[in-house]
Amino acid sequence: MIPASFDYEVAESAEHAVSLLADHGDEAKLLAGGHSLIPMMRFRLAAPTVLVDVGRLDDLRYINSANGTISIGALTRHSELEHSALLAESCPMLASVAALVGDPAVRHRGTLGGTLAHSDPASDLPAAVLALGATIVARGPGGDREIAATDFFTGYFESALADDEMIVEVRVAASAGGWNYQKFNRRAQDWAIVGVAVAEGGAGVSLVNMGATPLRASAVEAAVAAGASAGDAAAVAADGLQPPTDLNADADYRRHLARVFTQRALKAAGVA
Amino acid sequence: MESVKFAVNGTERSLEVEPRTLLVHALRDELRLTGTNIGCDSSSCGACTVLVDGQSAKSCTMFAVQADGADITTIEGVADADGKMHPMQQAFHEHHALQCGYCTPGMVMAAISLVEEYPELDDHSVRHGLEGNLCRCTGYQNIVNAVLAVAGSGSATPIRPYQSGQGE
Ligand SMILES: Cc1cc2nc3c(=O)[nH]c(=O)nc-3n(C[C@H](O)[C@H](O)[C@H](O)COP(=O)(O)OP(=O)(O)OC[C@H]3O[C@@H](n4cnc5c(N)ncnc54)[C@H](O)[C@@H]3O)c2cc1C
Ligand code: FES
Ligand code: FES
(Lines give C-alpha, C1' and ligand atoms only; values in the text may rest on other atoms or scores of the structure.)
(Ligands and ions follow the chains in the order given, each with its own letter.)
Protein backbone atom coordinates (compact mmCIF):
# COMPACT_ATOMS: atom_id res chain seq x y z
CA MET A 1 0.00 0.00 0.00
CA ILE A 2 1.48 3.26 -1.14
CA PRO A 3 0.67 6.50 0.66
CA ALA A 4 -0.66 9.53 -1.19
CA SER A 5 2.02 11.94 -2.47
CA PHE A 6 3.41 14.63 -0.24
CA ASP A 7 6.17 17.19 -0.16
CA TYR A 8 9.03 16.40 2.17
CA GLU A 9 10.81 18.98 4.30
CA VAL A 10 13.65 18.32 6.71
CA ALA A 11 13.46 20.43 9.87
CA GLU A 12 16.80 21.83 10.99
CA SER A 13 15.57 22.77 14.46
CA ALA A 14 12.38 22.69 16.48
CA GLU A 15 11.85 26.39 15.62
CA HIS A 16 12.24 25.60 11.94
CA ALA A 17 9.72 22.75 12.26
CA VAL A 18 7.23 25.03 13.97
CA SER A 19 7.63 27.73 11.31
CA LEU A 20 7.11 25.15 8.54
CA LEU A 21 3.95 23.99 10.31
CA ALA A 22 2.76 27.58 10.58
CA ASP A 23 3.46 28.13 6.85
CA HIS A 24 1.52 25.08 5.71
CA GLY A 25 -1.41 25.10 8.15
CA ASP A 26 -3.28 21.88 8.82
CA GLU A 27 -2.06 20.32 5.54
CA ALA A 28 1.30 19.60 7.17
CA LYS A 29 2.30 17.01 9.74
CA LEU A 30 5.44 16.33 11.68
CA LEU A 31 7.19 13.03 10.98
CA ALA A 32 9.14 11.64 13.95
CA GLY A 33 9.62 7.85 14.10
CA GLY A 34 6.82 7.39 11.60
CA HIS A 35 5.55 4.28 13.35
CA SER A 36 2.04 5.59 13.75
CA LEU A 37 1.91 8.08 10.90
CA ILE A 38 3.32 5.89 8.10
CA PRO A 39 0.90 2.98 8.75
CA MET A 40 -1.96 5.52 8.79
CA MET A 41 -0.76 7.06 5.53
CA ARG A 42 -0.42 3.65 3.94
CA PHE A 43 -4.02 2.82 4.85
CA ARG A 44 -4.88 6.32 3.58
CA LEU A 45 -6.38 7.19 6.95
CA ALA A 46 -4.08 10.20 6.81
CA ALA A 47 -2.98 12.08 3.71
CA PRO A 48 -0.95 15.11 4.75
CA THR A 49 0.37 17.03 1.74
CA VAL A 50 3.53 18.13 3.54
CA LEU A 51 5.66 16.10 5.95
CA VAL A 52 8.12 17.93 8.15
CA ASP A 53 10.78 15.43 9.22
CA VAL A 54 11.89 16.11 12.79
CA GLY A 55 13.51 12.68 13.05
CA ARG A 56 16.97 14.15 12.51
CA LEU A 57 16.81 16.55 15.47
CA ASP A 58 19.30 14.63 17.56
CA ASP A 59 19.59 17.51 20.04
CA LEU A 60 16.05 16.54 21.14
CA ARG A 61 17.20 13.00 22.00
CA TYR A 62 18.28 13.11 25.64
CA ILE A 63 17.38 12.00 29.15
CA ASN A 64 18.69 14.36 31.85
CA SER A 65 18.06 14.80 35.51
CA ALA A 66 18.40 17.88 37.72
CA ASN A 67 16.93 18.68 41.13
CA GLY A 68 14.64 15.68 41.19
CA THR A 69 13.17 16.38 37.74
CA ILE A 70 13.90 14.17 34.76
CA SER A 71 13.75 15.88 31.37
CA ILE A 72 13.35 13.78 28.25
CA GLY A 73 13.73 15.15 24.74
CA ALA A 74 10.72 14.54 22.47
CA LEU A 75 12.73 12.64 19.86
CA THR A 76 14.00 10.11 22.40
CA ARG A 77 13.19 6.66 21.07
CA HIS A 78 11.35 3.99 22.99
CA SER A 79 14.48 1.79 23.00
CA GLU A 80 16.48 4.64 24.54
CA LEU A 81 13.95 4.91 27.39
CA GLU A 82 14.07 1.13 27.78
CA HIS A 83 17.86 0.99 28.15
CA SER A 84 18.37 4.24 30.10
CA ALA A 85 20.40 3.71 33.28
CA LEU A 86 19.11 7.05 34.56
CA LEU A 87 15.48 5.94 34.22
CA ALA A 88 16.22 2.49 35.67
CA GLU A 89 17.43 4.36 38.74
CA SER A 90 15.04 7.32 38.97
CA CYS A 91 11.87 6.41 37.09
CA PRO A 92 11.88 2.67 36.39
CA MET A 93 8.23 2.59 35.36
CA LEU A 94 8.93 4.62 32.23
CA ALA A 95 11.77 2.33 31.16
CA SER A 96 9.72 -0.81 31.81
CA VAL A 97 6.65 0.45 29.97
CA ALA A 98 8.81 1.48 27.01
CA ALA A 99 10.17 -2.08 26.85
CA LEU A 100 6.61 -3.38 26.32
CA VAL A 101 5.83 -1.20 23.30
CA GLY A 102 5.49 -3.24 20.10
CA ASP A 103 8.69 -5.08 19.28
CA PRO A 104 12.38 -4.06 19.17
CA ALA A 105 12.17 -2.71 15.61
CA VAL A 106 9.23 -0.49 16.60
CA ARG A 107 11.11 0.71 19.68
CA HIS A 108 14.17 1.58 17.59
CA ARG A 109 12.15 4.11 15.58
CA GLY A 110 9.16 5.26 17.68
CA THR A 111 9.61 8.37 19.82
CA LEU A 112 8.16 9.61 23.09
CA GLY A 113 6.93 12.85 21.52
CA GLY A 114 5.33 10.89 18.68
CA THR A 115 3.38 8.51 20.87
CA LEU A 116 2.12 11.36 23.07
CA ALA A 117 1.10 13.54 20.12
CA HIS A 118 -0.60 10.57 18.47
CA SER A 119 -2.77 10.28 21.62
CA ASP A 120 -3.96 6.75 20.97
CA PRO A 121 -6.02 5.62 24.01
CA ALA A 122 -4.60 2.10 23.49
CA SER A 123 -0.96 3.19 23.71
CA ASP A 124 1.30 2.43 26.64
CA LEU A 125 3.55 5.42 27.22
CA PRO A 126 0.76 8.04 27.27
CA ALA A 127 -0.84 6.17 30.19
CA ALA A 128 2.49 5.92 32.00
CA VAL A 129 3.13 9.63 31.55
CA LEU A 130 -0.38 10.34 32.84
CA ALA A 131 0.00 8.19 35.96
CA LEU A 132 3.36 9.85 36.65
CA GLY A 133 1.81 13.31 36.49
CA ALA A 134 4.27 14.45 33.82
CA THR A 135 4.48 17.86 32.18
CA ILE A 136 4.63 18.14 28.40
CA VAL A 137 6.52 21.08 26.93
CA ALA A 138 5.17 22.32 23.59
CA ARG A 139 6.96 24.80 21.33
CA GLY A 140 4.92 27.09 19.10
CA PRO A 141 5.51 30.27 17.11
CA GLY A 142 5.15 32.23 20.36
CA GLY A 143 7.60 30.15 22.38
CA ASP A 144 7.21 27.31 24.87
CA ARG A 145 4.29 26.40 27.09
CA GLU A 146 3.89 23.66 29.67
CA ILE A 147 0.88 21.36 29.52
CA ALA A 148 0.05 19.04 32.41
CA ALA A 149 -0.39 15.46 31.21
CA THR A 150 -3.85 15.52 32.83
CA ASP A 151 -4.85 18.34 30.42
CA PHE A 152 -3.04 16.98 27.37
CA PHE A 153 -5.29 14.20 26.08
CA THR A 154 -8.48 15.88 24.93
CA GLY A 155 -10.24 13.29 22.75
CA TYR A 156 -9.96 10.23 20.54
CA PHE A 157 -6.53 10.70 18.90
CA GLU A 158 -6.69 14.36 19.90
CA SER A 159 -4.40 16.37 22.11
CA ALA A 160 -4.16 19.91 23.43
CA LEU A 161 -1.47 20.71 20.83
CA ALA A 162 -2.26 23.41 18.30
CA ASP A 163 -1.62 22.68 14.60
CA ASP A 164 1.60 24.68 14.72
CA GLU A 165 2.95 23.30 18.00
CA MET A 166 5.57 20.62 18.55
CA ILE A 167 6.35 18.66 21.70
CA VAL A 168 9.98 19.32 22.59
CA GLU A 169 10.31 17.83 26.06
CA VAL A 170 8.58 15.72 28.69
CA ARG A 171 9.31 16.29 32.39
CA VAL A 172 8.63 13.82 35.17
CA ALA A 173 9.52 13.91 38.83
CA ALA A 174 12.01 11.27 39.91
CA SER A 175 9.76 8.61 41.29
CA ALA A 176 10.60 6.38 44.21
CA GLY A 177 7.16 4.99 45.12
CA GLY A 178 5.81 1.55 44.26
CA TRP A 179 4.75 1.17 40.65
CA ASN A 180 3.45 -1.41 38.26
CA TYR A 181 2.19 -1.69 34.71
CA GLN A 182 -0.20 -4.37 33.57
CA LYS A 183 -0.69 -4.84 29.84
CA PHE A 184 -3.28 -7.37 28.76
CA ASN A 185 -3.27 -8.51 25.17
CA ARG A 186 -3.83 -11.72 23.31
CA ARG A 187 -1.44 -11.30 20.44
CA ALA A 188 2.26 -10.74 20.95
CA GLN A 189 3.48 -7.28 19.89
CA ASP A 190 -0.04 -5.86 20.02
CA TRP A 191 -1.57 -2.86 21.73
CA ALA A 192 -3.20 -3.42 25.12
CA ILE A 193 -6.81 -4.61 25.15
CA VAL A 194 -6.77 -3.05 28.60
CA GLY A 195 -3.78 -1.72 30.53
CA VAL A 196 -3.27 -0.24 33.97
CA ALA A 197 -0.41 1.96 35.16
CA VAL A 198 0.15 2.56 38.87
CA ALA A 199 2.73 5.11 40.02
CA GLU A 200 3.83 6.38 43.41
CA GLY A 201 2.27 3.58 45.46
CA GLY A 202 -1.20 4.23 44.03
CA ALA A 203 -1.18 8.04 44.07
CA GLY A 204 -1.24 7.98 40.27
CA VAL A 205 -3.35 5.39 38.46
CA SER A 206 -4.25 5.42 34.78
CA LEU A 207 -6.09 3.17 32.37
CA VAL A 208 -5.32 2.15 28.80
CA ASN A 209 -8.03 1.57 26.18
CA MET A 210 -10.92 2.22 28.57
CA GLY A 211 -12.28 5.31 26.81
CA ALA A 212 -11.54 7.88 24.13
CA THR A 213 -8.30 8.96 25.80
CA PRO A 214 -5.86 7.47 28.28
CA LEU A 215 -7.70 8.01 31.55
CA ARG A 216 -6.67 8.94 35.04
CA ALA A 217 -8.51 6.60 37.45
CA SER A 218 -9.24 9.26 40.04
CA ALA A 219 -11.77 7.17 41.99
CA VAL A 220 -9.15 4.48 42.50
CA GLU A 221 -6.55 7.07 43.53
CA ALA A 222 -9.00 8.58 46.06
CA ALA A 223 -9.80 5.15 47.51
CA VAL A 224 -6.11 4.35 47.91
CA ALA A 225 -5.51 7.72 49.55
CA ALA A 226 -8.36 6.98 51.98
CA GLY A 227 -6.69 3.71 52.96
CA ALA A 228 -8.78 1.23 50.95
CA SER A 229 -7.35 -2.21 50.20
CA ALA A 230 -6.18 -3.00 46.68
CA GLY A 231 -9.33 -5.07 46.14
CA ASP A 232 -11.70 -2.34 47.33
CA ALA A 233 -9.91 0.40 45.42
CA ALA A 234 -9.87 -1.70 42.22
CA ALA A 235 -13.61 -2.37 42.51
CA VAL A 236 -14.33 1.21 41.40
CA ALA A 237 -11.81 1.21 38.53
CA ALA A 238 -14.42 1.03 35.77
CA ASP A 239 -17.22 3.04 37.41
CA GLY A 240 -18.77 5.50 35.00
CA LEU A 241 -16.49 4.54 32.11
CA GLN A 242 -17.65 3.86 28.56
CA PRO A 243 -14.91 1.64 27.15
CA PRO A 244 -14.98 0.66 23.47
CA THR A 245 -16.38 -2.57 22.08
CA ASP A 246 -14.27 -4.13 19.34
CA LEU A 247 -13.16 -7.52 18.01
CA ASN A 248 -11.02 -8.13 21.09
CA ALA A 249 -13.45 -7.32 23.87
CA ASP A 250 -16.84 -5.79 24.53
CA ALA A 251 -17.36 -2.97 27.00
CA ASP A 252 -18.41 -5.19 29.90
CA TYR A 253 -15.44 -7.49 29.47
CA ARG A 254 -13.16 -4.43 29.39
CA ARG A 255 -14.70 -3.17 32.66
CA HIS A 256 -14.03 -6.55 34.20
CA LEU A 257 -10.43 -6.54 32.93
CA ALA A 258 -9.89 -3.05 34.30
CA ARG A 259 -10.94 -4.14 37.80
CA VAL A 260 -8.85 -7.31 37.71
CA PHE A 261 -5.71 -5.65 36.40
CA THR A 262 -6.06 -2.61 38.64
CA GLN A 263 -6.12 -4.89 41.65
CA ARG A 264 -3.04 -6.77 40.40
CA ALA A 265 -1.19 -3.55 39.63
CA LEU A 266 -2.03 -1.99 43.00
CA LYS A 267 -0.87 -5.09 44.86
CA ALA A 268 2.35 -5.24 42.86
CA ALA A 269 2.88 -1.55 43.64
CA GLY A 270 2.62 -2.28 47.35
CA VAL A 271 -1.01 -1.46 48.20
CA ALA A 272 -2.17 -4.09 50.68
CA MET B 1 11.73 13.85 -6.44
CA GLU B 2 14.25 13.82 -3.62
CA SER B 3 17.85 12.67 -3.73
CA VAL B 4 18.91 10.19 -1.12
CA LYS B 5 22.34 8.84 -0.41
CA PHE B 6 22.97 5.95 1.88
CA ALA B 7 25.39 3.12 2.35
CA VAL B 8 23.87 -0.27 1.59
CA ASN B 9 25.96 -3.24 2.66
CA GLY B 10 29.00 -1.00 2.70
CA THR B 11 28.52 0.56 -0.75
CA GLU B 12 27.44 4.20 -1.21
CA ARG B 13 24.24 4.37 -3.23
CA SER B 14 22.46 7.45 -4.56
CA LEU B 15 18.85 7.43 -5.65
CA GLU B 16 16.19 9.82 -6.87
CA VAL B 17 12.94 8.85 -5.18
CA GLU B 18 9.48 10.18 -4.59
CA PRO B 19 9.20 11.12 -0.90
CA ARG B 20 6.49 8.49 -0.49
CA THR B 21 8.80 5.67 -1.64
CA LEU B 22 9.16 3.17 1.16
CA LEU B 23 12.63 1.98 2.02
CA VAL B 24 11.70 -1.61 1.16
CA HIS B 25 10.67 -0.55 -2.35
CA ALA B 26 13.86 1.44 -2.83
CA LEU B 27 15.88 -1.62 -1.82
CA ARG B 28 13.93 -4.14 -3.87
CA ASP B 29 12.82 -2.20 -6.93
CA GLU B 30 15.56 0.40 -7.36
CA LEU B 31 18.60 -1.43 -6.01
CA ARG B 32 17.34 -4.91 -6.96
CA LEU B 33 18.19 -6.25 -3.50
CA THR B 34 15.29 -8.67 -3.39
CA GLY B 35 16.48 -10.65 -0.39
CA THR B 36 14.41 -8.36 1.81
CA ASN B 37 10.84 -9.67 1.55
CA ILE B 38 7.48 -7.99 1.88
CA GLY B 39 4.99 -10.00 3.90
CA CYS B 40 2.12 -8.19 5.56
CA ASP B 41 2.89 -4.81 4.06
CA SER B 42 1.41 -3.32 7.24
CA SER B 43 4.21 -3.23 9.83
CA SER B 44 3.29 -6.47 11.59
CA CYS B 45 5.24 -9.42 10.20
CA GLY B 46 8.90 -8.36 10.16
CA ALA B 47 9.66 -10.03 6.79
CA CYS B 48 11.08 -6.68 5.61
CA THR B 49 13.46 -6.20 8.57
CA VAL B 50 16.84 -4.63 7.75
CA LEU B 51 19.43 -2.91 9.93
CA VAL B 52 19.45 0.88 9.91
CA ASP B 53 22.60 2.14 11.63
CA GLY B 54 22.97 -1.31 13.15
CA GLN B 55 19.47 -1.60 14.60
CA SER B 56 16.57 -3.63 13.28
CA ALA B 57 13.93 -1.64 11.44
CA LYS B 58 10.89 -2.59 9.36
CA SER B 59 11.75 -1.24 5.94
CA CYS B 60 8.06 -1.15 4.98
CA THR B 61 7.51 1.39 7.75
CA MET B 62 10.20 3.89 6.76
CA PHE B 63 10.35 6.24 3.85
CA ALA B 64 13.59 5.96 1.88
CA VAL B 65 14.16 9.69 2.49
CA GLN B 66 14.28 9.00 6.24
CA ALA B 67 17.28 6.77 5.63
CA ASP B 68 19.28 9.52 3.89
CA GLY B 69 22.80 9.36 5.32
CA ALA B 70 22.19 6.07 7.10
CA ASP B 71 24.10 2.84 7.04
CA ILE B 72 21.83 0.04 5.87
CA THR B 73 22.47 -3.69 6.04
CA THR B 74 20.27 -6.19 4.25
CA ILE B 75 20.44 -9.97 4.23
CA GLU B 76 22.67 -9.74 1.14
CA GLY B 77 25.29 -7.98 3.24
CA VAL B 78 25.75 -10.22 6.25
CA ALA B 79 27.89 -13.03 4.82
CA ASP B 80 31.64 -12.53 4.37
CA ALA B 81 32.93 -11.32 1.02
CA ASP B 82 34.17 -14.86 0.36
CA GLY B 83 30.69 -16.26 0.95
CA LYS B 84 31.18 -17.59 4.49
CA MET B 85 27.82 -17.33 6.22
CA HIS B 86 27.22 -14.96 9.12
CA PRO B 87 27.13 -16.89 12.44
CA MET B 88 23.38 -16.24 12.63
CA GLN B 89 22.84 -17.67 9.13
CA GLN B 90 25.03 -20.64 10.05
CA ALA B 91 23.03 -21.20 13.24
CA PHE B 92 19.73 -21.07 11.32
CA HIS B 93 21.20 -23.66 8.96
CA GLU B 94 22.44 -25.94 11.73
CA HIS B 95 19.29 -25.72 13.83
CA HIS B 96 16.89 -26.17 10.92
CA ALA B 97 15.38 -22.79 11.75
CA LEU B 98 13.63 -22.35 8.41
CA GLN B 99 11.26 -24.25 6.22
CA CYS B 100 9.83 -22.21 3.33
CA GLY B 101 12.35 -19.47 4.12
CA TYR B 102 10.04 -16.54 3.49
CA CYS B 103 10.43 -15.06 6.97
CA THR B 104 14.12 -15.94 7.15
CA PRO B 105 15.85 -12.78 5.84
CA GLY B 106 13.83 -10.61 8.24
CA MET B 107 14.18 -13.12 11.05
CA VAL B 108 17.98 -13.27 10.66
CA MET B 109 18.28 -9.46 10.59
CA ALA B 110 16.03 -9.10 13.66
CA ALA B 111 18.01 -11.81 15.45
CA ILE B 112 21.37 -10.18 14.67
CA SER B 113 20.06 -6.93 16.13
CA LEU B 114 18.53 -8.72 19.12
CA VAL B 115 21.75 -10.40 20.30
CA GLU B 116 23.58 -7.07 19.92
CA GLU B 117 20.98 -5.21 21.97
CA TYR B 118 20.36 -7.76 24.72
CA PRO B 119 23.55 -9.38 25.97
CA GLU B 120 21.69 -11.80 28.24
CA LEU B 121 19.06 -13.76 26.39
CA ASP B 122 17.09 -16.79 27.44
CA ASP B 123 14.25 -18.71 25.83
CA HIS B 124 11.61 -16.25 27.04
CA SER B 125 13.48 -13.09 26.07
CA VAL B 126 14.28 -14.40 22.59
CA ARG B 127 10.59 -15.11 22.06
CA HIS B 128 9.65 -11.65 23.37
CA GLY B 129 12.39 -10.05 21.30
CA LEU B 130 11.25 -11.69 18.07
CA GLU B 131 7.56 -10.86 18.61
CA GLY B 132 7.60 -8.62 15.58
CA ASN B 133 8.67 -11.40 13.22
CA LEU B 134 6.09 -13.94 12.16
CA CYS B 135 6.91 -17.40 10.88
CA ARG B 136 4.12 -19.57 9.52
CA CYS B 137 6.19 -22.73 9.19
CA THR B 138 8.63 -23.58 11.92
CA GLY B 139 6.65 -23.17 15.11
CA TYR B 140 9.55 -20.97 16.26
CA GLN B 141 11.31 -23.50 18.49
CA ASN B 142 14.22 -24.02 16.12
CA ILE B 143 14.53 -20.29 15.52
CA VAL B 144 14.80 -19.76 19.27
CA ASN B 145 17.43 -22.50 19.44
CA ALA B 146 19.45 -20.91 16.65
CA VAL B 147 19.37 -17.47 18.27
CA LEU B 148 20.31 -18.87 21.66
CA ALA B 149 23.24 -20.73 20.10
CA VAL B 150 24.58 -17.44 18.76
CA ALA B 151 23.77 -15.59 21.96
CA GLY B 152 26.19 -18.02 23.54
CA SER B 153 23.88 -19.28 26.24
CA GLY B 154 24.94 -22.84 25.48
CA SER B 155 21.45 -24.02 26.35
CA ALA B 156 20.35 -24.85 22.85
CA THR B 157 20.98 -28.18 21.17
CA PRO B 158 20.31 -28.56 17.47
CA ILE B 159 17.30 -30.80 16.97
CA ARG B 160 19.17 -32.76 14.32
CA PRO B 161 22.66 -32.90 15.79
CA TYR B 162 23.74 -35.53 13.25
CA GLN B 163 23.54 -32.82 10.62
CA SER B 164 26.15 -30.52 12.00
CA GLY B 165 29.26 -30.53 9.93
CA GLN B 166 27.47 -32.04 6.97
CA GLY B 167 27.79 -30.35 3.63
CA GLU B 168 30.82 -28.34 4.69
C1 LIG C 1 3.82 -2.89 14.58
C2 LIG C 1 3.62 -1.79 15.58
C3 LIG C 1 3.31 -2.11 16.89
C4 LIG C 1 3.12 -1.12 17.83
N5 LIG C 1 2.79 -1.50 19.10
C6 LIG C 1 2.57 -0.55 20.04
C7 LIG C 1 2.25 -0.91 21.37
O8 LIG C 1 2.19 -2.09 21.74
N9 LIG C 1 2.03 0.09 22.26
C10 LIG C 1 2.12 1.39 21.90
O11 LIG C 1 1.92 2.24 22.76
N12 LIG C 1 2.45 1.78 20.66
C13 LIG C 1 2.67 0.84 19.71
N14 LIG C 1 3.00 1.22 18.44
C15 LIG C 1 3.08 2.67 18.11
C16 LIG C 1 4.47 3.20 18.36
O17 LIG C 1 4.71 3.33 19.74
C18 LIG C 1 4.72 4.57 17.67
O19 LIG C 1 6.09 4.71 17.56
C20 LIG C 1 4.21 5.79 18.36
O21 LIG C 1 2.84 5.68 18.62
C22 LIG C 1 4.40 7.04 17.51
O23 LIG C 1 5.69 7.54 17.62
P24 LIG C 1 6.48 8.00 16.34
O25 LIG C 1 7.68 8.72 16.79
O26 LIG C 1 6.67 6.85 15.46
O27 LIG C 1 5.46 9.08 15.70
P28 LIG C 1 5.05 9.40 14.21
O29 LIG C 1 4.37 8.24 13.60
O30 LIG C 1 6.17 10.00 13.47
O31 LIG C 1 3.98 10.54 14.50
C32 LIG C 1 2.73 10.26 15.12
C33 LIG C 1 1.91 11.53 15.22
O34 LIG C 1 2.49 12.44 16.14
C35 LIG C 1 2.88 13.65 15.52
N36 LIG C 1 4.17 14.00 16.13
C37 LIG C 1 5.30 13.25 16.13
N38 LIG C 1 6.25 13.83 16.89
C39 LIG C 1 5.71 14.96 17.39
C40 LIG C 1 6.19 16.00 18.25
N41 LIG C 1 7.42 15.97 18.77
N42 LIG C 1 5.36 17.03 18.53
C43 LIG C 1 4.11 17.06 18.02
N44 LIG C 1 3.59 16.12 17.20
C45 LIG C 1 4.39 15.09 16.89
C46 LIG C 1 2.93 13.35 14.04
O47 LIG C 1 2.65 14.49 13.27
C48 LIG C 1 1.83 12.32 13.91
O49 LIG C 1 0.58 12.92 13.86
C50 LIG C 1 3.23 0.26 17.48
C51 LIG C 1 3.55 0.60 16.17
C52 LIG C 1 3.75 -0.40 15.22
C53 LIG C 1 4.09 0.00 13.82
S1 FES D 1 6.21 -6.33 5.35
FE2 FES D 1 7.09 -4.96 6.76
S3 FES D 1 6.40 -5.72 8.66
FE4 FES D 1 5.40 -7.07 7.24
S1 FES E 1 10.07 -20.58 7.36
FE2 FES E 1 8.20 -20.29 6.30
S3 FES E 1 7.47 -18.45 7.24
FE4 FES E 1 9.17 -18.93 8.45
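This passage describes the interface between chain A and chain B, the enclosed and open spaces of the structure, and the surroundings of one glycine. The model is predicted: local features need pLDDT of at least 70, side-chain atom pairs count only at pLDDT 80 or more, and totals for chains, interfaces and linings use all residues. Residues are numbered from 1 along each chain as its sequence is written, chains are lettered from A and ligands numbered from 1 in the order in which they are written, and side-chain values use heavy atoms, with hydrogens and water left out.

At the interface, 36 residues of chain A are in contact with 31 residues of chain B, contact meaning heavy atoms within 4.5 Å. The two chains bury about 2700 Å² between them, and carbon and sulfur atoms account for 53% of it; buried area is the accessible area (1.4 Å probe) that two parts lose on being put together, summed over both. Two salt bridges are counted between chain A and chain B, the criterion being a side-chain nitrogen of Lys or Arg within 4 Å of a carboxyl oxygen of Asp or Glu. A salt bridge joins the side chains of A:Arg42 and B:Asp41, at 2.2 Å from N to O.

Polar contacts link 16 residue pairs across the interface, with both residues at pLDDT 80 or more. A polar contact is a pair of N or O atoms within 3.5 Å; within protein, one must be able to donate a hydrogen and the other to accept it, and residues adjacent in sequence count only if both atoms are side-chain atoms. On the side of chain A that touches chain B, the elements giving two or more residues are α2 (37–42), β3 (50–53), α3 (78–82) and α6 of chain A. Helices (H or I, at least four residues) and strands (E, at least two) are DSSP runs, numbered from the N terminus. With six residues, α6(A) gives the most to this side. By class, this side has 19 nonpolar, nine polar and eight charged residues. Ala, Val, Leu, Ile, Met, Phe, Trp, Tyr, Cys and Pro count as nonpolar, Asp, Glu, Lys and Arg as charged, and the others, Gly among them, as polar.

Spaces were sought on a 1 Å grid over the protein atoms alone: a cavity is a set of points where a 1.4 Å probe fits but cannot get out, and a pocket is an open set with protein on both sides within 12 Å along at least five of seven lines; lining residues have an atom within 4 Å of a point. Grid points are joined across faces, edges and corners, and a volume is the space filled by probe spheres set on the points.

Two cavities of 30 Å³ or more are present. The largest cavity has a volume of about 60 Å³, and its lining includes A:Asp103, A:Pro104, B:Ser56 and B:Asn133. At least two lining residues each come from α6 (104–109) of chain A and α3 (104–117) of chain B, with α3(B) supplying the largest share, three residues. The second largest cavity holds about 50 Å³; among the residues lining it are A:Arg61, A:Arg77 and A:Arg109.

The second largest pocket contains about 380 Å³ of space. Its lining comprises 16 residues, of which A:Ala188, B:Arg127, B:Leu130, B:Glu131 and B:Leu134 are the closest to its centre. The largest share of this lining, four residues, comes from α4(B).

A:Gly177 lies in the loop between β10 (166–173) and β11 (180–184) of chain A. Not counting residues up to four places away in sequence, A:Gly177 touches A:Glu200 and A:Gly201.
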